[in-house]
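Colleague: I'm just getting started with this one. Could you pick a single part of the model and walk me through it slowly?

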Amino acid sequence: MQQVDLVGVIVDLLDLEDALDRVTERARSSERVDAGHRPLSVVSANLDHIAQFGRLGRWYDTLDYSLGMPASESSPSVKHGTNGDDWLVLLDGAPLVAEATRLTGKTWPRLAGSDIIGPLLDRAENEGLSVGFLGGSYVVQRVLSRTVTRNRPNLKVSGYWAPDRKDLVDHHASLELAESIRSSHTQILVVGLGKPRQELWMAKYGLATGANVLLAFGAVVDFLAGSIQRAPNWASANGMEWAWRLALEPRRLARRYLVDDPPSLLRLRKESRLLPAPKPAFQPYSDTPERSIKDPMSLSREPGIPGRFVALGEHADVAVLAVTYNNEDTVEDLVSSLREQAKGLCLRVVVADNGSNDATLELLSKHDDVMAVSTGGNLGYAGGLNAVMRHAGDCEAVLVLNPDLRVEPNAIAMLMDRMRRSGAGIVVPQLLESDGATYVSLRREPSIATAVGDALFGARFTGRPGWASELDYDAESYQHPHRIDWATGAALLIESSLVLRLGTWDEQFFLYSEEVDYFRRAREGGASIWYEPAARMTHHMGGSGSSASLNALMSINRIRYIRKYHGTSYANGFRAAVLLAEALRAYKPSRRGILRTLLDENSWAGLPRPSTGAQQSPSADFPSGTVIIPAHNEASVIARTLGCLAELASTGAVEVIVACNGCTDDTFRVASSFAGVRVIEVEAASKVAALNEADAIATRWPRIYLDADIEMTPTALKMVLDRLAHSDVLAARPAFEYDDSQAAAPVKSFYRARRRIPATNQALWGAGVYGLTEAGHARFGKFPDLTADDLFVDQQFESWEKAILHTPPVRVVPPRTVESLFAILQRNYRGQQEFVRKQANAKNPVGPVPTTFLGSGDIGSRRTVRQLIGSVRGPVSAFDAMVYASFVVRARLNQRRLSSGADGSTRAAWERDESSRA
């Protein structure tokens with residue numbers, strides 16, 4: 001039997017008699033489906049079928065009979081066998097017939113359900129095969145009964161069933177319907193529920209009906225009853241049946257024929273091919289109510305002790321990762337439900353605790369086979385996951401769970417089953433609310449259109465088109481497995497190799513939208529995302545808490561997500577839609593203040609973000625590394641800096657080196673008073689010399705280079721060391737914040753504008769601290785004699801080789817006076833000039849000399865000017881931008897005046913800000 005792949009739909013090429021023979025042969029088979037044999041499911045493939053089940057269709061690969069999913073790389077054909085999932089896909093629709101003829105060089109007949117049903121009923125009548133009819137309204141079924149009795153008096157009719165749509169999307173009602181059909185001993189079941197509902201229902205409940213053959217023949221029930229008039233022969237012969245049906249039922253069929261089908265028609269010739277003859281190969285099996293968990297997939301190995309979790313270092317089928325924050329009410333329920341899963345699977349359970357101050361850690365400590373890792377603070381959901389991702393160890397997949405979930409029986413096995421059979425990168429379960437109702441968890445990719453639709457209608461008019469709603473409200477979507485864009489991040493199973501490819505979760509999303517970003521990166525990496533309704537988990541909700549600030553953060557992170565992947569104009573349009581949504585709901589108590597927060601981007605920094613928890617003793621798993629602090633006359637601030645690191649240094653958790661360069665004050669004495677801190681003296685008053693001398697005696701990697709006036713918490717240090725030690729990045733820095741509370745008004749205005757410029761959050765400079773791996777440091781060896789060491793280091797790496805981490809921010813105290821700010825800006829520009837000169841004379845420059853550094857504005861830089869203008873949101877931000885530009889222009893002009901000679905040497909001494917050290 002020849003087959004063709006038409007835009008991902010595998011079609012069997014048969015003539016009418018061959019098709020009838022196959023159907024009647026299976027119908028009369030004595031091998032009943034309840035003896036372990038699958039029924040034969042027959043489909044007529046037309047353009048609508050391609051739109052629904054083809055490569056770009058919503059239900060692609062869903063039916064588990066390899067629609068578009070090759071049996072193997074060497075043999076992409078579908079295997080039809082007596083014991084497999086048997087689907088017979090017939091050629092229907094003039095465009096598909098024409099394409100099959102072109103591919104094979106042979107003319108094939110069109111086998112629409114309406115064409116084959118008459119001859120098939122003739123055979124059934126002659127051979128005494130029982131036929132049942134499912135679909136159509138009750139009235140249509142009554143008319144059909146009289147018509148069949150009158151026209152086919154000898155046809156053995158087993159029954160007529162006209163279910164309501166709500167029954168078809170209700171699992172228990174569908175099982176009762178299937179049982180009713182089974183009890184009638186139907187051999188051929190004509191299913192006329194409409195596409196794609198009929199195919200999906202057959203895939204899930206076909207086995208339960210007991211029928212030997214199921215025919216997905218759409219409107220055949222209506223045709224047989226005479227409630228819908230068939231197109232005349234001239235219309236069918238000329239490929240115009242669609243126009244005839246559209247004229248009869250414009251409201252029902254306009255979208256199908258005028259919107260959904262044309263893209264499939266355009267792709268038909270480009271994405272169709274003739275397939276080789278089928279070969280015996282892997283046979284998928286269908287999703288059925290009665291299937292056994294152990295039938296489809298054997299475990300990778302037998303678990304050591306049923307109900308216990310495996311330790312790090314042992315192989316696990318699944319590594320379960322959860323992030324807790326004050327979850328004493330739900331964490332026990334989660335762990336106990338996982339133990340039930342561990343009776344049949346090898347699970348490793350790792351929990352990242354984000355600084356809980358309730359009994360969460362105490363409860364977890366009672367489970368000696370649960371690895372609980374304290375993150376040292378509230379790092380957010382993404383930060384917590386990143387903190388424990390390396391503990392996943394050797395496993396087939398990683399399961400990320402909210403701590404307020406209960407995993408229902410066999411849920412993880414069903415997720416694994418779907419992943420293995422479909423090759424999915426991520427699989428999500430069906431989420432249930434505490435009362436058992438299905439939670440609306442499936443989502444579409446955010447867009448301006450979905451944002452506007454949700455703003456205007458919210459949870460009303462749930463039947464609106466998908467392009468106007470980010471949430472998928474369609475009850476049918478929650479009944480059947482299928483590919484999705486993304487789902488709420490409460491539970492997702494991730495294939496282990498995809499975990500490695502995607503790397504860390506984006507920590508700029510402290511809470512909310514981090515899963516949207518992760519799903520998008522997975523899709524862009526070629527992975528498919530699947531929803532598996534057979535896997536169920538109960539979501540008690542509220543695991544992250546609820547507050548006005550969290551509600552505001554949810555809206556703001558939606559905007560941040562769009563800004564990450566779209567241009568300014570699109571992002572502004574999306575932001576306007578979010579503002580519209582909040583404006584329309586501002587009267588609600590839970591939404592009060594959110595609109596004001598959205599409008600004032602300066603206030604975003606005050607929303608929940610990574611924070612340090614109560615000081616804890618350094619744990620055994622604190623990452624190793626070295627902190628190097630160059631210090632020149634820093635006696636007034638060095639104790640403050642070392643105080644944050646004192647316990648880490650005294651216990652040897654990290655190596656801390658203070659390099660006093662050219663000091664004439666008490667810096668050496670103050671630094672030496674801290675136990676475990678190694679202090680060296682460098683004769684020259686040179687930061688670069690201090691860095692190189694400290695590098696020469698340091699013994700550990702990675703290394704953190706920290707300015708003497710910067711306070712870095714152990715939590716931030718741990719996050720940077722962890723990222724450098726356990727990822728592919730070569731350089732990283734923590735987040736930072738300006739403490740300008742004591743600065744003059746113009747200085748505050750300058751730094752408000754600077755915060756709004758994206759470049760300040762995209763480079764290693766600006767925080768007074770950065771970290772390097774050994775491989776990263778090897779890029780340049782020794783630090784060159786340059787003023788701007790952080791600028792030099794930043795330019796050694798491509799964007800994907802460095803990371804800006806969303807840690808608890810380090811505190812940067814900027815200049816407090818206008819003149820001090822001018823002095824610092826002049827030093828920055830001198831550093832730029834040195835870098836430019838060095839690059840111009842270098843034999844192997846690191847790359848094109850950039851035109852703007854340090855977020856300082858370089859008013860000649862088109863990008864910086866564009867970003868500065870784009871940061872204006874109102875009169876206050878406009879004033880700040882003008883102040884910023886005036887500082888930059890004055891500082892650059894002054895630096896040029898100080899420059900002398902063609903070599904660019906300067907008369908200026910090192911500009912030091914003493915105001916911030918007071």
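Modeller: Let's look at a sheet and the helix that sits on it, and then at a pair of helices for contrast. Keep in mind that this is a predicted model.

Start with the sheet. Three strands make it up, in the order 2-1-9, and the sheet is open. Their pairing is antiparallel. On the edges you'll find strand 2 (9-13) and strand 9 (272-275), each of which pairs on one side only. On average, neighbouring strands in this sheet are turned by 25° against each other, if you ignore direction.

Now zoom in on strand 1 (residues 2-6) and strand 9: four bridges join these two, and they run antiparallel. To see one pairing for yourself, find Gln3, whose bridge partner in strand 9 is Leu275. Then look for helix 3 (residues 94-104), which packs on the sheet and touches strand 1, strand 2 and strand 9. The direction of helix 3 makes about 120° with that of strand 1.

Next, the helix pair. Helix 19 (residues 514-524) and helix 20 (residues 548-565) pack at an angle of about 25°, and their axes are 11 Å apart. Angles under 35 degrees count as roughly parallel, so helix 19 is roughly parallel to helix 20. The crossing of helix 19 past helix 20 is right-handed. Who meets whom? From helix 19 come Val516, Asp517, Arg520, Arg521 and Glu524, and they meet Tyr561, Lys564 and Tyr565 of helix 20. Sorted by class, this contact has five charged residues, three nonpolar ones and no polar ones.

Terms used:
Residues are numbered from 1 along each chain as its sequence is written. This is a predicted model: local features need pLDDT of at least 70, side-chain atom pairs count only at pLDDT 80 or more; totals for chains, interfaces and linings use all residues. Side-chain values use heavy atoms; hydrogens and water are left out. Two strands pair if DSSP finds at least two bridges between them. Axes are lines fitted to C-alpha atoms, for helices over the stretch in contact, and angles run from 0 to 180 degrees between N-to-C directions. Contact means heavy atoms within 4.5 Å. Angles under 35 degrees count as roughly parallel, over 145 as roughly antiparallel, 65 to 115 as roughly perpendicular and the rest as oblique. A crossing is left-handed if the near helix is turned anticlockwise from the far one by less than a right angle, and right-handed if clockwise. Ala, Val, Leu, Ile, Met, Phe, Trp, Tyr, Cys and Pro count as nonpolar, Asp, Glu, Lys and Arg as charged, and the others, Gly among them, as polar.
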